[in-house]
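Got the viewer open and a selection tool at hand? Let's take a walk through this one, stop by stop.

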Amino acid sequence: MDINLARAWVHTIAGAVAEQKDRLTWLDSAIGDADHGTNMHRGFTAASAALDGLVPDTVGAVLIGTGTMLLSFVGGASGPLFGGAFRAVGQTIYTPAATTQELAEALAAGLAEVTQIGAAVPGDKTVVDAWTPALAAFRHRADAGADLAEAALAAADAAEEGMRATAPLQARRGRASYLGTRSIGQLDPGAASTALIFRALADAVTAR
Ligand code: ADP
Ligand code: MG
């Protein structure tokens with residue numbers, strides 16, 4: 001991943017979030033407070049716009065800048081989670097380009113930060129349920145010597161599978177957990193956003 005690809009990733013996420021905003025909010029209306037799409041849209045619109053004024057010299061600068069904007073503009077539970085995650089991913093890449101294996105380590109740092117902030121484990125019906133399988137798939141391909149396109153596609157597919165697997169789960173973290181067993185049967189909105197973020201990476205790599 002180089003600086004231009006990092007920029008393209010953020011812009012692609014912003015486009016996908018804009019397109020999926022109502023779906024994300026609809027998912028959050030079922031088991032939350034119906035603001036997730038609006039939150040993510042506000043954050044990624046701001047992050048994407050901020051990139052235009054930035055002349056970054058590392059991949060990390062792009063992703064740290066994005067995380068900082070998400071921290072300021074997303075709000076809710078997901079602002080600190082995604083903001084912290086992007087900052088943590090960026091903080092591991094102090095070079096103009098990262099190898100696929102370096103990006104795998106950076107994505108692991110992002111998940112570690114999400115876990116540190118939110119204390120969710122797989123099965124709690126959160127972003128962790130999409131990020132964990134996505135990271136595992138990405139790492140598996142990277143370790144096998146696959147290129148970024150192959151690793152990102154595998155991660156996107158795994159994230160979507162992880163997102164779908166949240167439907168039968170009972171939420172144990174965040175607002176949805178207040179619903180108890182009534183949170184069962186719906187997809188987790190944050191897992192849906194995470195799937196979208198990994199799909200955007202694959203799309204940005206493919207479009208390059
Ligand atoms: P809020 O719940 O404050 O309204 P959002 O609607 O923007 O915030 O985000 C909700 C999403 O945040 C959930 O779908 C879930 O994926 C994620 N989330 C909430 N709490 C946690 C947590 N402790 N750890 C990981 N993810 C969490
Ligand atoms: Mg909400």
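Start by selecting S29, which sits in helix α1, residues 3-31. This is a predicted model, so treat everything on the tour as computed. S29 is partly exposed, because its relative accessibility is 40%. To get a feel for the helix, pick L5 as well and draw a line between the two C-alpha atoms: they are 24 residues apart along the chain and separated by 34 Å.

**Stop two: the loop after α1**

Now click on A34, in the loop between α1 and α2. What is the sign of phi here, in a residue other than glycine? Phi of A34 is positive, near 60 degrees. With a relative accessibility of 33%, A34 counts as partly exposed.

**Stop three: the magnesium ion**

Select ligand 2, the magnesium ion, and show the side chains of D28, D33 and D35. Those three are the protein donors, each through an OD atom, and they lie 2.0 to 2.2 Å from the ion. Along the sequence the donor residues follow the spacing D-x4-D-x1-D. Are D33 and D35 buried, exposed or partly exposed? D33 counts as partly exposed because its relative accessibility is 33%. D35 falls in the partly exposed class too, at 23%; the cut-off for buried is under 20%.

**Stop four: ligand 1**

Keep D28 on screen and bring up ligand 1. A polar side-chain atom of D28 lies 3.1 Å from an oxygen atom of ligand 1, so the D28 you just saw as a magnesium donor is worth colouring in its own right. Next, add S78: an N or O atom in its side chain is 2.5 Å from an oxygen atom of the ligand. Then add R175, where a polar side-chain atom is 3.3 Å from a ligand oxygen. How much of ligand 1 does the protein cover? On its own the ligand has 570 Å² of accessible area, and the protein covers 92% of that.

Widen the selection to the whole shell. There are 20 residues around ligand 1, and the ones that come nearest are D33, A77, S78, G118 and D188. D33 is also one of the magnesium donors. If you switch on a pocket display, look for the largest pocket: that is the space taken by ligand 1.

Which helices each supply at least two residues of this shell? Colour α2 (36-52), α4 (78-91) and α8 (189-207) to see them. The largest share comes from α8, with three residues.

**Stop five: along α4**

Stay with α4 and pick R87, which lies in that helix. R87 is partly exposed, because its relative accessibility is 25%. For a longer jump, add A136 and draw a C-alpha line: the two residues are 49 apart along the chain and 20 Å apart in space.

**Stop six: the α5-α6 loop**

Move on to K125, in the loop between α5 (100-118) and α6 (128-143). Here is another residue other than glycine with a positive phi, this one near 70 degrees. Is K125 buried or exposed? K125 counts as buried, because its relative accessibility is 1%.

**Stop seven: the α7-α8 loop**

The last stretch has three residues to click through. Begin with T166, in the loop between α7 (148-164) and α8. With a relative accessible area of 0%, T166 is buried. Turn on side chains and look for its polar contact: the side chain of T166 reaches the backbone oxygen of M163 at 2.6 Å.

Next comes R182, found in the loop between α7 and α8. R182 is exposed, because its relative accessible area is 61%. Select Q170 alongside R182: the pair is twelve residues apart along the chain, with C-alpha atoms separated by 7.7 Å.

Finish with Q186, which also has its place in the loop between α7 and α8. At 29% relative accessibility, Q186 counts as partly exposed. Which residue, 156 positions away along the chain, has its C-alpha atom 7.1 Å from that of Q186? Select A30 and draw the line. A30 belongs to the residue range of α1, the helix where the tour began.

Technical notes. Residues are numbered from 1 along each chain as its sequence is written. Chains are lettered from A and ligands numbered from 1 in the order in which they are written. This is a predicted model: local features need pLDDT of at least 70, side-chain atom pairs count only at pLDDT 80 or more; totals for chains, interfaces and linings use all residues. Side-chain values use heavy atoms; hydrogens and water are left out. Donors are N, O and S atoms within 2.8 Å of the metal (3.2 Å for Na, K and Ca); water is not among the atoms, so sites may look incomplete. Buried means under 20% relative accessible area, exposed over 50%, partly exposed in between (1.4 Å probe, protein chains only). A residue is near a molecule or strand if one of its heavy atoms lies within 4 Å of it. A polar contact is a pair of N or O atoms within 3.5 Å; within protein, one must be able to donate a hydrogen and the other to accept it, and residues adjacent in sequence count only if both atoms are side-chain atoms. Accessible areas come from the Shrake-Rupley method with a 1.4 Å probe; for residues, only the protein chains shown count as cover. On a 1 Å grid over the protein atoms alone, a cavity is a set of points where a 1.4 Å probe fits but cannot get out, and a pocket is an open set with protein on both sides within 12 Å along at least five of seven lines; lining residues have an atom within 4 Å of a point. A molecule sits in a cavity or pocket if more than half of its atoms lie within 2 Å of its grid points. Helices (H or I, at least four residues) and strands (E, at least two) are DSSP runs, numbered from the N terminus.
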